[in-house]
Amino acid sequence: MDAYRLDVRRYSLPFRTPLRTAHGLCAERAGWLLRLTDDRGGEGFGEVAPLEWFGTESLAECEDLLARLGDAPSAESLAAVPAHAGCVRSGLAMALAGLAGGPAGGPEALPVAALLPAGRAALEVVEARLELGFRVFKWKVGVGAVADEWGMLDDLLGRLPAGARLRLDANGAWDRRMAERWLERCADRPIEHVEQPVAAQARSAQDLLMGLAGDYPTPVALDESLVHQADVDRWLQAGWPGVYVLKLSLLSDVRGTLDALRRAEARVVFSSALETGVGAQAALRHAFAWTGAVRALGFGLYPLFSDSRFDGPFAAPFLRRGDLERIDPRTLWNALN
Ligand code: MG
């Protein structure tokens, strides 16, 4: 029976700039880095990064589960962490994968989407990002009045060169009627996808989203609808025809989920859950190992933390595998000492 040594360090890291979330402004990120050591002296690192406002298990629950594992958990006790504690399970899986060793193979580089600020500020930022070489952009909508946003949308599209693509993210802001108006508007415009047009908690959200995905040519993407493993399973079972935005740090069985998505030939976007470099590296290795078409990564957010030692790969139009492998989880671990 395998026995491990488990060390846990809690972090509480201020953001460089407070982030706007569904819960208002968020000034810092809390979570844990894990180190798992085996009896042959191998070590692997993981990160437990719950997003309670997104619907994951709470910090208190993570803390309790980690304490119960103790400092010498068996393989059985690691496997017995309940499936709904997706962030703890994901963090342990990262550490186990680190013990198994070996960075992923895959392409030399993957494209990254640049995040644009909501509102008119996007117009200025898009120019700067284009100059850096970004060609895929994401813009938050459903923030201002619809007529204003439609005007800005066309201004924004007018600034994009041929081949560039724009994603819209409504973060569940619209009702059915507004979502329909937007998707109609998008139909003859080069929009890559519209993310979470209606709230995951909306009444009959699944029927509503399936209907929107079936009625309009612009792909619809799920983000807030995918919090737990069981959510991904349910949408796969429903035959979701749109895009899956995956925050792998939240999913209890990342490998199993990716295998199921692959079998379904699903379209996926690998996306950040505001992790440190430890969780980001683990998630991005899966992106590099993905065998289907890889859409531009939703990881254009670093530098994110006031203390840049904890950042994932800095936002650039392309993320090179070499840059990803230059992140050394041990350095972040030591920085928490
Ligand atoms: Mg989103």
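Buried, in these legends, means under 20% relative accessible area. The views below are taken from a predicted model.

**View 1. Cys87 and the missing disulfides.**
With a relative accessible area of 0%, Cys87 goes down as buried. What is the nearest cysteine sulfur to Cys87? That of Cys62, at 5.7 Å. A disulfide needs two cysteine sulfur atoms within 2.5 Å, and by this rule the count comes to zero. Cys87 is accordingly in no disulfide. Cys186, which turns up again in View 3, has a relative accessible area of 0% too and is buried.

**View 2. The magnesium ion and its three protein donors.**
Here the magnesium ion sits with Asp169 (OD), Glu195 (OE) and Asp223 (OD) at 2.2 to 2.3 Å. Read along the chain, the donors follow the spacing D-x25-E-x27-D. Asp169 and Asp223 come from distant parts of the chain, 54 residues apart: Asp169 belongs to strand β7 (residues 165-169), while Asp223 is in the loop between β9 (220-222) and α8 (229-237). Are these two aspartates buried or exposed? Asp169 is buried, and Asp223 is as well.

**View 3. Helix α6 and the face it turns inward.**
Helix α6 covers residues 176-186, and its buried residues are Ala179, Glu180, Trp182, Leu183 and Cys186. Look down the axis of α6 and these buried residues fall within an arc of 165°, so they line one face of the helix. What do they pack against? The list runs α5 (146-159), β7, β8 (191-195), α7 (205-215) and β9. Trp182 also has aromatic company, forming one cluster with Trp150 and Trp174.

**View 4. Leu168 in the nonpolar core.**
The largest nonpolar core holds 106 residues. Which of them touch the most other members? Those are Trp139, Leu166, Leu168, Tyr244 and Leu261. Zoom in on Leu168 and, leaving aside neighbours within four places in sequence, its contacts are Trp139, Val141, Leu153, Trp182, Cys186, Ile191, His193, Val194 and Glu195. Some names from earlier views come back in that list, including Trp182 and Cys186 from the buried set of α6 and Glu195 from the magnesium site.

**View 5. Phe15 and Phe305, a stacked pair.**
The structure holds seven aromatic pairs. In the one shown here, the rings of Phe15 and Phe305 have their centres 5.8 Å apart and their planes at 20°, so the pair counts as stacked. The two rings link distant parts of the chain, 290 residues apart: Phe15 is in strand β1 (residues 5-21), and Phe305 is in the loop between α10 (277-289) and β12 (318-320). Phe15 is buried at a relative accessible area of 5%, and Phe305 is buried at 0%.

**View 6. Trp235 and Trp240, an edge-to-face pair.**
For Trp235 and Trp240 the ring centres lie 5.2 Å apart and the planes stand at 75°, so this pair is edge-to-face. Trp235 is buried, with a relative accessible area of 2%. Trp240 is buried too, at 6%.

**View 7. Thr37 in strand β2.**
Thr37 lies in strand β2 (residues 24-37). Why does Thr37 count as buried? Its relative accessibility is 18%, and the cut-off for buried is under 20%. Leaving aside neighbours within four places in sequence, Thr37 is in contact with Tyr4, Arg5, Gly42 and Glu43.

Definitions and conventions. Residues numbered from 1 in each chain as written. Predicted model: local features only at pLDDT ≥ 70, side-chain atom pairs only at ≥ 80, totals over all residues. Heavy atoms only, no water. Donors = N, O, S within 2.8 Å, 3.2 Å for Na, K, Ca; no water. Helix = DSSP H or I, 4+ residues; strand = E, 2+ residues; numbered from the N terminus. Buried < 20%, exposed > 50% of the residue type's maximum accessible area, 1.4 Å probe, protein only. Arc of directions from axis to C-beta. Contact = heavy atoms within 4.5 Å. Phe/Tyr/Trp six-rings, centres within 6.5 Å; stacked < 30°, edge-to-face > 60°. Core = buried A, V, L, I, M, F, W, Y, C linked by side-chain atoms within 4.5 Å.
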